[in-house]
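Trainee: I should be grateful for a close look at one part of this model, beginning with the chain that holds it and then passing to the other chain for comparison of similar features. Please proceed step by step, as I am new to reading structures.

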Amino acid sequence: MLFPTIDFAIFFVLAFALAWALSPFPAPWKLSLLGLSYFFYGWWDPKFVLLIVAETALAHVGARLMHRSEDPKHRKAILIGTIAVLLGILGYFKYAGFLTVNIDNLARSLGLGNLLPLIQPTLPVAISFFTFMAISYVIDIYHRQLEPATPLDLAVYLAFFPHLVAGPIVRGGELLPQIRTRRDARHIDYSRAGQLILRGMFKKVVVSSYLASHIVDPVFTSPKSHSALDALFAAWGYAVQIYCDFSGYTDIAIGLALLLGIRFPVNFDQPYRAVNLQDFWRRWHITLSRWLRDYLYIPLGGNRGSESFVARNILITMILGGLWHGANWTFLIWGGLHGVGQVVGHIRRTRRAAAGIIEPEPTRWRHILSVFWTFQFVCLAWIFFRATSVHNAFAVVSQIFTGWSVTSTLISPLMILTIASVIALQQLPARLGDRLVVEISNTRLWIQVGVGALLLLAITTLGPTGVAPFIYYRF
Amino acid sequence: MSELPPGEDLADEGLPPTPEERSSHPSMHWQQGRRTLSWIRVLALMVSILAVWLVLDSSTLLHNAEVSPVGTRRSLSLALLRPLASFANVVQITELEKGANRALGRNAEGAPQGHVLKTAGPTVSTLPKHHTPGVTTTTIDPLKGASPTSPARILLVGDSLGLDLGGSLQNALASTGIVAATLDGKESTGLTRPDYYSWPAELNTDLAALHPQVVVVMMGANDPQDFPGPPDVPFGIPAWTTEYQKRCEDFMRLATSQGAKLIWVSLPAMQDPALNARIAVVNQLQKQASSSVPGVIYLDAGTVLGGTTSPYSAFVTQGGQNVNVRTPDGIHVTPQGGDLLAHYVMSQLRSHYGIPLP
């Protein structure tokens with residue numbers, strides 16, 4: 001079930017009551033959370049609950065075997081085996097169809113006939129997320145950064161429903177201690193949670209849906225039918241759409257977890273105020289980028305080596321990070337663009353540092369230009385992320401540069417205001433609305449009920465009928 | 001105020017500051033002055049907010065329940081929402097929401113009155129001055145004589161499958177430079193539930209605004225559901241099939257009422273056998289309707305994507321290469337599949353109507 005629906009609201013109210021009623025009793029509390037999480041996940045397709053149970057069991061067995069062994073080679077073999085199976089499961093569901101079609105087509109081109117059976121497995125919701133969490137768990141066990149969890153704790157960690165569908169990708173060291181510790185049922189930070197949930201719903205239900213239906217989907221569906229200005233606004237609009245969609249979901253997830261007494265890490269930090277791509281990846285999908293940094297980039301060697309060595313590591317990390325999002329050449333290109341951009345940035349920084357050039361404090365205009373050009377590059381890459389094919393992406397890109405003879409049919413003042421507002425707000429301090437939340441939380445409860453209900457009404461009224469799935473829940 | 005670095009959680013320990021803490025650390029009031037409550041009070045707060053919202057939004061929620069598929073969920077929702085909506089109407093607390101809906105261009109219950117997804121092809125700035133709908137005053141067939149200065153006007157309508165076809169078709173037609181193709185599609189719609197979305201009303205609007213010369217329709221995937229009553233008319237019984245075919249015929253007559261030609265594209269096979277059987281019924285009724293209305297060409301999407309009487313396949317072979325034409329949900333069509341279907345439709349536009357498409 002999707003977050004901003006009545007079904008989920010009913011589910012969560014019941015889950016909240018059950019979880020807190022049982023919170024004085026650790027084992028029943030954990031079992032209730034697990035049952036609720038499996039119920040939530042099984043709502044899409046009950047049989048996929050078996051998948052997450054299987055990955056939990058696999059991670060648990062791998063962790064226990066590694067923990068008991070003192071032989072480094074044996075431990076490494078277990079780690080590699082466990083990761084290989086986890087990635088194999090992910091690879092089958094996510095990439096088997098893509099690979100078999102492309103390999104078979106290559107074979108046909110070479111006159112080798114049909115090599116492989118064509119398959120199209122149904123992609124289980126959230127598989128990329130919980131698989132990455134399972135992998136981070138076993139790696140942390142291998143490095144002895146974590147003690148193995150009990151099967152129940154591990155199951156709750158992987159399946160906890162607020163983060164299950166689309167992150168954040170929480171580390172074992174962040175969530176397992178909270179699962180083991182009793183929460184304070186007397187002091188729930190409900191107003192902060194409410195702020196996050198309502199803000200997230202507004203971003204997703206109102207802003208993201210509006211831009212998708214009014215500019216992004218029409219242009220990407222039929223690029224040649226629209227003007228260069230429409231195509232340009234579609235690119236900018238998609239940047240805002242995906243930010244509002246994904247960060248909106250994350251806000252709701254963090255808020256829901258907070259209501260249950262669990263704290264999640266921040267996943268977005270005003271990404272469109274980044275001054276370069278390295279800065280962007282410190283602000284966008286933070287939990288994924290730190291996963292890629294700690295479990296892929298650094299093991300590859302990180303930035304300890306020659307220019308070409310570091311460039312290789314950056315490119316591999318970003319391309320695989322792109323492919324994590326889906327089995328399509330467009331995601332590979334998206335990751336590759338970010339990789340190339342970061343390589344260029346890295347080379348420039350290291351050469352200037354090697355030459356003894358001290359970077360001056362950027363002037364205001366230099367800062368604005370850095371933010372502007374970083375945003376334009378990110379938008380260019382987003383075109384590939386959104387496009388349905390490489391051909392579709394190039395059609396949109398080419399329309400931006402060649403479609404100036406066609407008049408714009410989609411842009412409106414409200415659309416311009418929406419896109420500009422979201423980008424402008426990111427240039428302001430992050431916690432701008434916090435004082436208001438403090439004031440509201442200190443008013444009488446009946447006032448808070450009225451404010452909450454009116455805000456909810458505003459969101460459901462301004463949003464479209466029906467709820468579109470979150471973009472990232474497909475990954 | 002200092003920024004928290006990424007990775008730091010945003011919530012404090014949940015304990016509000018003492019007055020001494022507040023006065024000695026003014027910034028704490030900003031970040032950590034939020035009141036906290038016990039779980040029972042938070043639960044009461046949540047339930048109260050949802051209850052108040054339910055009453056305030058009851059008219060929209062009631063409408064949404066009424067237009068939802070017939071079944072237990074709908075019945076339960078109506079049983080809950082009708083009394084709430086009545087109460088809300090009596091005390092007139094829904095006026096705020098109704099006014100907002102009207103300001104947003106919707107009816108009072110929040111249902112869109114216009115299309116949600118509509119894209120326009122290359123602009124036909126004005127119709128020819130001598131144009132009278134349904135009457136051609138030149139001796140040259142406007143479709144056969146389509147050109148960049150006098151493009152053929154083609155309207156594409158449908159549900160989500162219609163959008164899968166329509167997007168590719170509009171793009172391909174726009175590339176020719178001699179067609180102004182307009183796409184009007186909406187997910188989750190069809191002919192069975194005009195209370196949710198009225199395609200006849202929408203088509204009327206499109207015909208009056210665009211005066212298309214050809215209409216291409218692909219819809220029906222959402223139609224295998226009961227007609228709501230009372231009494232409800234279950235899908236597939238004779239009363240249902242008679243009524244549905246009539247609706248198809250009426251829609252086809254409407255589409256051709258101003259002289260436009262009509263191409264009706266059937267639905268492809270579905271992966272789920274039960275759904276496939278239901279779609280086969282819809283296809284048969286649509287085909288029968290098309291044979292009773294003059295000027296309608298019925299195209300079988302199964303020719304390209306596999307029909308409901310053939311085994312389902314997500315792949316077809318084209319030019320010696322495998323093409324993935326269906327999405328993993330087993331229902332919709334991929335962009336590549338849409339392209340193949342679009343080319344098939346274009347070949348029919350060429351052969352039946354003589355439009356000089358490349």
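**A proline in a loop, and its surroundings**

Mentor: Of the 358 residues in chain B, 41% are buried. Please keep in mind that this is a predicted model. The chain contains 12 helices together with eight strands. Among its contacts with a separation of 6 or more, 69% join residues that are 24 or more positions apart.

The part I have chosen is Pro69(B), found in the loop that runs between α4 (58–66) and α5 (72–90) of chain B. Is Pro69(B) buried, exposed or partly exposed? Because it has 13 C-beta neighbours inside 10 Å, and a residue counts as exposed with 12 or fewer and as buried with 20 or more, Pro69(B) is partly exposed. If its neighbours within four places in sequence are left aside, Pro69(B) is in contact with Arg74(B) and Gln225(B). Asp226(B) should also be considered: 157 residues separate it from Pro69(B) along the chain, yet 7.3 Å separate their C-alpha atoms.

Another proline of chain B, Pro230(B), lies in the loop between β4 (214–218) and α9 (238–256). The peptide bond that leads to Pro230(B) from Gly229(B) is cis, with omega near 15°. Chain A also offers a cis bond, from Gly167(A) to Pro168(A), where omega is near 5°. Pro168(A) is placed in the loop between α7 and α8 of chain A.

Loops also hold residues with a positive phi. In chain B, Ser188(B) has phi near 65°, a positive value in a residue other than glycine. Ser188(B) belongs to the loop between β3 (179–185) and α8 (199–210) of chain B. It is partly exposed because 14 other C-beta atoms lie within 10 Å. In chain A, Arg144(A) has a positive phi near 55° and is likewise not a glycine. Arg144(A) sits in the loop between α5 (127–142) and α6 (151–159) of chain A. With 10 other C-beta atoms within 10 Å, Arg144(A) is therefore exposed.

Let us now turn to packing between helices in chain A. Two packed helices are described by the angle between their axes and the distance between the axes. For α13 (residues 307–324) and α14 (residues 329–354) of chain A, the angle is about 150° and the axes are 7 Å apart. Angles over 145 degrees count as roughly antiparallel, so α13(A) and α14(A) are roughly antiparallel to each other. Their crossing is right-handed. Among the residues that make the contact are Ile314(A) and Met318(A) of α13(A), and Trp334(A) and Val343(A) of α14(A). The residues of this contact comprise 12 nonpolar, nine polar and one charged.

Finally, consider the domains of chain A. The chain is divided into domain 1 (6–180) and domain 2 (191–275 + 362–425). Their centres, taken over C-alpha atoms, are separated by 29 Å. Domain 1 of chain A brings 11 residues to the contact, and domain 2 of chain A brings 12 residues. On the side of domain 1 that touches domain 2, two or more residues each come from α1 (6–22), α7 (161–164) and α8 (172–180) of chain A. Of these, α1(A) gives the most, with three residues. The residues on that side of domain 1 of chain A are seven nonpolar, three polar and one charged.

Methods. Residues numbered from 1 in each chain as written. Chains lettered and ligands numbered in written order. Predicted model: local features only at pLDDT ≥ 70, side-chain atom pairs only at ≥ 80, totals over all residues. Domains from an automatic or database assignment. Contact = placed C-beta atoms within 7 Å. Helix = DSSP H or I, 4+ residues; strand = E, 2+ residues; numbered from the N terminus. Nonpolar A, V, L, I, M, F, W, Y, C, P; charged D, E, K, R; others polar. Axes fitted to C-alpha atoms, helices over the stretch in contact; angles between N-to-C directions. Parallel < 35°, antiparallel > 145°, perpendicular 65-115°, else oblique. Left-handed = near helix turned anticlockwise from the far one by under 90°.
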